[in-house]
Protein chains: 4
Amino acid sequence: MSGSTIGKIFTVTTWGESHGAAIGAVLDGVPAGIKLSEEDFFEDMSRRRPSDDKVSTKRKESDTVRIMSGVYNGVTLGTPISLMIVNEDQHSPSYNNLEHTYRPGHADFTYDCKYGVRDHRGGGRSSGRETAARVAAGVVAKKILAPLGVTFESVPVLREDIPAGDSVGGTVSLCIKNIPAGLGEPVFDKLDGLLSRALMSVGAVKAVEIGDGVKVSEALGSENNDEFTVVDGKIVTKTNHCGGILGGISTGGDILIKAHIKPTPSISLPQNTVTDGAESTVLEIKGRHDISIVKRVAPVLEAMCALVLADELLVNMSARMSNVISFYKE
Amino acid sequence: MSGSTIGKIFTVTTWGESHGAAIGAVLDGVPAGIKLSEEDFFEDMSRRRPSDDKVSTKRKESDTVRIMSGVYNGVTLGTPISLMIVNEDQHSPSYNNLEHTYRPGHADFTYDCKYGVRDHRGGGRSSGRETAARVAAGVVAKKILAPLGVTFESVPVLREDIPAGDSVGGTVSLCIKNIPAGLGEPVFDKLDGLLSRALMSVGAVKAVEIGDGVKVSEALGSENNDEFTVVDGKIVTKTNHCGGILGGISTGGDILIKAHIKPTPSISLPQNTVTDGAESTVLEIKGRHDISIVKRVAPVLEAMCALVLADELLVNMSARMSNVISFYKE
Amino acid sequence: MSGSTIGKIFTVTTWGESHGAAIGAVLDGVPAGIKLSEEDFFEDMSRRRPSDDKVSTKRKESDTVRIMSGVYNGVTLGTPISLMIVNEDQHSPSYNNLEHTYRPGHADFTYDCKYGVRDHRGGGRSSGRETAARVAAGVVAKKILAPLGVTFESVPVLREDIPAGDSVGGTVSLCIKNIPAGLGEPVFDKLDGLLSRALMSVGAVKAVEIGDGVKVSEALGSENNDEFTVVDGKIVTKTNHCGGILGGISTGGDILIKAHIKPTPSISLPQNTVTDGAESTVLEIKGRHDISIVKRVAPVLEAMCALVLADELLVNMSARMSNVISFYKE
Amino acid sequence: MSGSTIGKIFTVTTWGESHGAAIGAVLDGVPAGIKLSEEDFFEDMSRRRPSDDKVSTKRKESDTVRIMSGVYNGVTLGTPISLMIVNEDQHSPSYNNLEHTYRPGHADFTYDCKYGVRDHRGGGRSSGRETAARVAAGVVAKKILAPLGVTFESVPVLREDIPAGDSVGGTVSLCIKNIPAGLGEPVFDKLDGLLSRALMSVGAVKAVEIGDGVKVSEALGSENNDEFTVVDGKIVTKTNHCGGILGGISTGGDILIKAHIKPTPSISLPQNTVTDGAESTVLEIKGRHDISIVKRVAPVLEAMCALVLADELLVNMSARMSNVISFYKE
């Protein structure tokens, strides 16, 4: 499985660089019969798009998602769905002075280490622009989960006072409700493992907490255990320190995750760095950059959770032989 | 890919329940020509085994690893290596009263939700016993990394004062040195994503931090960026807030990770819970249980990091066409 | 995914060399709740075992399959099932003169090209012995299919007159009945593609035909098309030139496959060959070898078909959103 | 891994329906540093395109391949390469009478069984049009192999006399030279198994032969074995009955494969069939259809072989620890 593909049955492959012609995603294993149209993408794409607030980049993209395949008569066919988003507002000349410079906090240096070549304009594939394709894929994933009543809520928190020329990070807390119990595949595809990997695949995420997260290291067992009880004939946990996941499998309770986002690396303050010829230089980044991406990244993190949960929803259908038999005997 | 398999080229599949006959792992894609013998497993297996300290379970296992295939004349063949560890000190009667009870903090309930059946003895596959197979696999992974000078260091920290009948969690900080720059496959197989998923696949891990981790959410860009410099003709970062990973690819610097471990759920204090018949009951767990697993889990976390890093080491070999050509032209 | 693993949800990983301690398989993604015991393996294992006929090797193995994990109270748990078969009748000294000789028609030379080392005794992992683990895995796969009424029938045909000191090949025709319509995942996991790859992964298979097979290249469209008709209210094909698979997806009709098996390479007639030092030599193979493996390979080919069909049966459950919704709303 | 993706390191995901806006492929794991431009696709795409001969469809497509990502300054970046081919000459009205009819020999019926919906225009994703994306992907795969001197030669053979209103099949024999020895991953990713699965994933292929193919079932061991000899200091086989593959691993000799193609199902002669409402009907197919696709499918089969061989070329680089060490120590 390549690094640009995620999933086992419901798979998503993304492609595209910041200043290339377009970016996109190919989704496979999407169940047939789901209503899907280009309008469905408007809401989440606009949550991700830079707005006119003080902290977002001034780059303007309409982020229109085009459905290139896999849908007919407004309904998914079960065949691969290709989504494409044309890049409109590249401003490549802004990056001319960066072709041979390694920007601190960015992936310029590590891409060069790995590949020996890179597209320096806008950060190439390491740019945050690539996440637009993920949000688009997440819209489809949410469509797989929505009939079950699954909802996504994300709360971004960032520092308010930002010194001039600098940037800040923050946190995003996610709450996903109504995920059926039983999702996740021990041991290596435990649900929390898959979710943390999905979140950390978003640039700038440097820590992931499930449930009580870092607080568990200082708790006692008697404080951290969630006791079971019965509500309306259904077994649930009284508390939710575990964040909706026990033994890597969902409990049916709210799934609680928190991601920590580092401050955006592109700041206009001067920075000491080197060129790809190993010569010292001072970097002053110009162009249009976010002061904080925390609000814009919230729908991206929701999308990543949706990709994982939709896939596990499908994989889980064959966990019991009794279900396999009744499926085929009808 | 199933939930019990991890890796793309160097793959590991584990099997076995706590009270079954044995546990084990099948490793595939191990390069041929590595010296390997049963003695190589002693050190890491004994670090994981319960010791005579005050906090570990009294269950006694010799944890002898047998090599069942893939090695001949003391050298790996390139074919699958099957490792087996016989279970010796199961004490199933201790679990008789638990057959129908859902222990808080354990996976009993969620396994039943998913599969409809479970092996209640010792927690079945959700037991920590299963990690013995992972440590064994990690020994082989470390052998793939060792010729490059890669070293693993883990520092467990736990609370000292533990009230009677209760348990505590803690943290394990890992430092992995001499990993070559360039490992990791954007975007979904970013190195930090794979490492966090691997660590969180170990039961009881509820948060993972890379580099500065949770502190990044409160930092400024000017504080968090690692400036580049040249040392002995080699480009390195002056600081290491990023924890050795930028854009999901290793920088060549120390890889710094911290895992937060929840307190072990099996405490002897009475707990309110329910049976699988949805009836209230009070649970008093007897038997031999760890008060804290933090020290024992350190070699397990090292092993999981080794599995990911060894796999990425191999995948990375084909990143550049120039290397592919020189490989085949020699 | 490694070369020793097959499948997407129901995966099988085999391990073991001909003269190692044991051989085995780890099966994951097996639905929970299937009755499974060690007796279930007797029939297919004995069909594969060398018998006292004139054409089979004199090597005697009891081929007892031990279930090491994944089953409790006689029922599958949904967790990995480890099957192990101990090797009993290795006769390694027979192979002493072969340590440095490349046997024509065998994989000695190619394994050396790839790995630089090999276990020459009995052919190591390239030996037919490894197929015992596949037959064992196939027993479990057949258990997933049996409740749907799926049956396997294989007819081996080989040449009767065999000159002294030589060997013969033959064919095996397979007919699999009652496979539900709709299995297979276009385009690269088309059912016929997966079946042919599975069959050709068995050593000695050099051609695979689906339905009319090689005859299609000489037919007219009007002769080869299977017209549709209705029988008992169900749409079926009148004829079955397509062998039960159209567009890579099962039609519900009988799946018809034919495999062509090459003559066993180990013959006692003298053969010209070279050593691994590139020196000419004449090889006279002694030891216990099959004159024809065609009858013994039939259950192996059934097993491989069962592995593919069981996996596709599970993957197919999520093809339609209506089924996903009704699954979770019950 | 989804049904629309093939490969382990070098992966290809195709998308698109016959009458959708476009078709395409996303290639990942392509080594960085390969020269690639849109002109590179002209030759193989035109070999596949319908020509003005008597046997091909009259549908006119320019089949222009656009590179949407993954290439900069005429060189691959190592990031995903998205290729897109716009559909130009759809003639959907030709298919209006087919919306509810199951065409014999086509996948209409089986797609309906699986998905419950389908795009009937031009056969949707089951159409041969989809193979244009595969040929495009194959061009890139050939670029990975070309520096090693690998060449592809395909020879189509079809029946000359074709009765009016009918269609014919044929065979395509492939010869691939200069593949290095050692490619292929026993046991389930044996090279011949992967090649046969790749070829049979092309619609209309109903049999695959490796080397002597079907003839092996009637041969003696003394006739079929390829003896080894030394030529110019290199060990080779004297004959090539094995078709360049032994034990699932390449020998370094020519890889010889033969595919049998069924006659195209769309014939204009009247055919008895049923509608999706299970009513009998007579079908007379109009529109533009190939009388034989055998010549057009030859470059598609070459492309599929190239995809498999390029992937195995990359996977094989980590087979020996000595190579891993020298790779990283330079």
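Me: A salt bridge is a side-chain nitrogen of Lys or Arg within 4 Å of a carboxyl oxygen of Asp or Glu. With that in hand, what is the count of salt bridges between chain B and chain A?

Reply: Keep in mind that this is a predicted model. Between chain B and chain A the count is four salt bridges.

Me: What makes the meeting of B:Arg197 and A:Asp189 a salt bridge?

Reply: The N to O distance between the side chains of B:Arg197 and A:Asp189 is 2.8 Å. The cut-off is 4 Å for an Arg nitrogen and an Asp oxygen, so the pair qualifies. Polar contacts can be counted too: 53 residue pairs, both at pLDDT 80 or more, make them between chain B and chain A.

Me: Which helix gives the most to the side of chain B that touches chain A?

Reply: That's helix α2 of chain B, residues 108–115, which puts seven residues there. Sorted by class, the touching side of chain B has 43 nonpolar, 36 polar and 22 charged residues.

Me: How many residues does the contact take from chain B and from chain A?

Reply: Chain B puts in 101 residues and chain A puts in 102 residues. To be counted, a residue needs heavy atoms within 4.5 Å of the other chain. The two chains bury about 8000 Å² between them, with 60% of it on carbon and sulfur atoms. As for who supplies it, B:Lys114, B:Phe188 and B:Lys206 give 11% of the area that chain B buries against chain A, more than any other three residues.

Me: How do you know which way strand β10 of chain A and strand β10 of chain B run, and what joins them?

Reply: Three bridges join the two strands, each covering residues 205–210, and they run antiparallel. Pairing asks for at least two bridges, so these strands pass. One of the matches puts A:Ala207 with B:Glu209 as its bridge partner in β10(B). As background, strands of a sheet pair through backbone hydrogen bonds, either parallel or antiparallel.

Me: Why is the relation of chain B to chain A called that of a two-fold axis?

Reply: Turn chain B by 180°, shift by 0.0 Å along the axis, and chain B lies on chain A with an RMSD of 0.0 Å. That is why the relation is that of a two-fold axis. Here the surface is shared: 100% of the contact residues of chain B recur in chain A, and the same surface serves both copies. Among the residues of chain B, B:Arg197 comes closest to the rotation axis, with its C-alpha at 2.5 Å.

Me: What rotation superposes chain D on chain C?

Reply: A rotation of 180° with 0.0 Å of shift along its axis does it, at an RMSD of 0.0 Å. In chain D, the C-alpha nearest that axis belongs to D:Arg197, 2.5 Å away.

Me: Why do you say the copies chain D and chain C meet through the same surface?

Reply: Because 100% of the interface residues of chain D are interface residues in chain C as well. The contact takes 102 residues from each of chain D and chain C. D:Lys114, D:Phe188 and D:Lys206 stand out, supplying 12% of the area that chain D buries against chain C, more than any other three residues.

Me: What makes D:Lys114 and C:Glu185 a salt bridge?

Reply: Their closest N and O atoms are 3.2 Å apart. The limit is 4 Å between a Lys nitrogen and a Glu oxygen, so the name fits. Across the interface of chain D and chain C the rule finds four salt bridges.

Me: How do strand β10 of chain C and strand β10 of chain D pair?

Reply: They pair in the antiparallel sense over three bridges, each strand spanning residues 205–210. In that pairing, C:Ala207 stands opposite D:Glu209.

Me: Now inside one chain: what is the order of the strands in the open sheet of chain D?

Reply: Five strands line up as β1-β2-β3-β7-β4, with antiparallel pairing.

Me: What makes β1 and β4 of chain D edge strands?

Reply: β1 (5–6) and β4 (65–67) of chain D each pair on one side only.

Me: How do you know that β2 and β3 of chain D are joined?

Reply: Five bridges join β2 (residues 11–15) to β3 (residues 22–28) in chain D, and the strands run antiparallel. At least two bridges are needed, so β2 and β3 count as paired. Within this match, D:Thr13 stands opposite D:Val26 in β3(D).

Key. Residues are numbered from 1 along each chain as its sequence is written. Chains are lettered from A and ligands numbered from 1 in the order in which they are written. This is a predicted model: local features need pLDDT of at least 70, side-chain atom pairs count only at pLDDT 80 or more; totals for chains, interfaces and linings use all residues. Side-chain values use heavy atoms; hydrogens and water are left out. Buried area is the accessible area (1.4 Å probe) that two parts lose on being put together, summed over both. A polar contact is a pair of N or O atoms within 3.5 Å; within protein, one must be able to donate a hydrogen and the other to accept it, and residues adjacent in sequence count only if both atoms are side-chain atoms. Helices (H or I, at least four residues) and strands (E, at least two) are DSSP runs, numbered from the N terminus. Ala, Val, Leu, Ile, Met, Phe, Trp, Tyr, Cys and Pro count as nonpolar, Asp, Glu, Lys and Arg as charged, and the others, Gly among them, as polar. Copies are superposed by least squares on the C-alpha atoms of residues with pLDDT of at least 70 in both.
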